[in-house]
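Dear colleague,

Please find the structure below, handed over for your work. A summary of what was found in it follows.

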Amino acid sequence: MERVFKPKLFSVIGKDYFKTQFTKDLFSGVIVGIVALPLAIAFAVASGVSPDKGLVTAVVAGFIISLLGGSRVQIGGPTGAFIVIVYGIIEQYGVDGLIIATVLSGIFLIGFGLLRLGALLKFIPYPLVVGFTSGIALVIFSTQIKDALGLNIEKVPTAFIAKWSAYFSSLDTINPAAVIITLVTILISVYFKRITTKIPGSFVAIILVTVVVAVFKIPVTTIESFFGEIPSRFTVLVPHINFDQIGFYIAPALTIALLGGIESLLSAVVADGMIGGNHRSNTELIAQGIANVVTPFFGGIPATGAIARTATNVKNGGRTPVAGIIHALTLLLIMLFFGKWAKLIPMSCLAGILIVVSYNMSEWRNFVSILKAPFFDRAILLTTFLLTVLVDLTVAIEVGVVMASLLFMKRMSDTAQKVEFEVDSDLVEQYPDIPKEISIYEISGPFFFASAKEYSTIIKQLGLKSKVMIIRMRHVPFIDSTGLNNLKDTIKTLQNFNVKVVLSGVRKEVYTDLERGGVDKLIGKENILPSFDLALERAKGLIG
């Protein structure tokens with residue numbers, strides 16, 4: 001049996017590493033460190049803690065996740081997904097409660113990894129993930145309106161509707177300077193990439209806006225006026241623990257663990273598709289757990305794998321965990337030598353950055369796409385989204401998973417009642433002269449959230465060894481949004497390596513869903529065929 005904990009760092013560093021890859025990892029790590037700086041500060045402030053807590057998290061957790069993680073290129077640190085739950089925990093239990101809940105979540109994550117539950121991700125339906133992610137994005141956006149408009153509100157309500165009611169009743173206190181700063185920050189963050197992609201727009205915005213506000217003494221709220229002096233050193237925190245109340249922290253800790261596990265493994269899967277690699281999911285969970293056990297004692301907040309920063313790492317040439325370690329060291333140097341100047345950053349500037357983050361996080365295109373999907377997927381999406389926004393993230397995930405299971409059983413029951421004729425009845429054994437450049441894989445059963453990840457992994461592994469991949473779908477009664485998303489990602493990965501994909505035996509109902517998901521445009525309608533013999537002829541033509 002394969003060892004459950006096997007960090008990638010010790011597998012990918014060879015004797016020629018410093019000759020071939022180190023320079024690329026060094027450059028990428030510095031770039032990602034600069035990208036992470038404004039985000040770490042903004043996520044901390046939005047979570048209700050001082051900016052240095054975000055930097056500490058990015059440094060400590062980022063270092064541990066890269067050192068011990070199961071992905072070659074994962075970048076760890078604070079993320080937008082945790083803002084809602086961290087803010088809620090601090091409101092209810094205080095900073096000590098956050099430390100205890102985060103440590104417990106780390107223990108849960110280590111347990112998930114040791115029990116080999118890394119594959120648990122495949123049981124999380126795609127509409128559920130998009131639902132709570134979009135919900136979190138909307139909540140983050142709503143928390144930034146006060147600072148974005150410079151509203152004079154002493155205490156912003158926690159509830160979503162009450163929060164917006166308070167905003168509307170305080171519109172007469174709008175600070176025009178704060179509004180201008182917010183808009184300028186958004187414009188720079190979004191459009192600076194047209195000048196260069198090497199330096200993130202959010203970093204440029206935070207430097208320029210802070211300098212202008214400080215020099216011209218523009219009357220807006222800054223981090224200093226809100227949090228006071230910002231320490232540029234590490235301090236060890238030991239919370240007061242009342243063991244009689246540990247039970248209160250189990251639910252928030254489980255939510256942090258599930259959210260962190262889902263996001264980190266999703267990030268690792270996305271990175272795999274970009275570099276053609278395979279992460280070790282159980283090792284990744286254990287590393288995330290260790291990071292969340294250690295970081296809170298230095299004043300940090302929950303951390304996980306960050307998809308955007310990981311993608312930035314890959315695009316800038318990072319290919320080993322060394323890039324992630326350098327990213328953490330870069331942030332450490334910035335914190336130690338320039339951290340004291342963070343107090344001058346305007347709150348409206350951070351609001352602008354977080355508004356851009358919430359937009360990017362919203363996945364609105366995927367949200368709209370799922371709204372066109374069958375009823376079952378729409379129901380999961382909207383229920384999870386509304387519960388996240390109006391009730392609680394923990395409730396949203398719990399209800400979403402149960403609902404997905406019940407709706408799946410209903411869908412299978414409906415499918416079983418249909419009598420269909422097989423369109424594709426060809427056997428592979430009838431074709432002994434199949435060229436070695438062609439790989440074939442048959443999917444047997446529904447391509448849904450519980451099987452999508454496994455099918456996609458096998459298809460990718462087989463496809464990368466060939467020039468053409470034939471996927472037989474004659475026994476697929478339906479495909480849900482999770483299956484569609486995984487299939488499209490797999491096809492894109494294969495296409496990146498110049499592998500053509502042909503589908504055979506696709507049923508009418510499944511073909512309709514493939515069209516709705518854009519698979520026909522991705523591979524071409526001419527590569528979706530009713531029988532295996534036609535698919536094989538097409539594949540032979542593609543290899544020339």
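**The parallel sheet**

In this predicted model, 4 strands make up an open sheet with parallel pairing, and their order is 3-4-5-6. Strand 3 and strand 6 (528-529) occupy the edges with a single partner strand each, so one side of each has no neighbour in the sheet.

Strand 3 (residues 438-444) runs parallel to strand 4 (residues 468-475), and 6 bridges join the two. Within this pairing, E442 has R472 of strand 4 as its bridge partner. The connection is also defined: strand 3, helix 20 (residues 452-463) and strand 4 form a β-α-β unit that is right-handed.

At the other end of the strand order, strand 5 (residues 500-504) pairs with strand 6 over 2 bridges, again in the parallel sense. Here S504 lies opposite L529 in strand 6. Helix 24 (residues 532-542) lies across strand 3, strand 4, strand 5 and strand 6, and its direction is at about 170 degrees to that of strand 4.

**The nonpolar cores**

The largest nonpolar core contains 77 residues, and F132, I136 and L350 have the most contacts inside it. Helix 3 (residues 22-47) supplies the largest share of this core, 12 residues. A second core, separate from this one, has 24 residues, including Y455, I459, M473 and I491.

As for L350, residues up to four places away in sequence being left out, this residue touches I41, A42, V45, Q144, I206, I223 and I345.

Yours sincerely

Key:
Residues numbered from 1 in each chain as written. Predicted model: local features only at pLDDT ≥ 70, side-chain atom pairs only at ≥ 80, totals over all residues. Heavy atoms only, no water. Core = buried A, V, L, I, M, F, W, Y, C linked by side-chain atoms within 4.5 Å. Buried < 20%, exposed > 50% of the residue type's maximum accessible area, 1.4 Å probe, protein only. Contact = heavy atoms within 4.5 Å. Pairing = 2+ DSSP bridges. Right-handed = clockwise from strand over helix to strand, strands pointing away. Axes fitted to C-alpha atoms, helices over the stretch in contact; angles between N-to-C directions.
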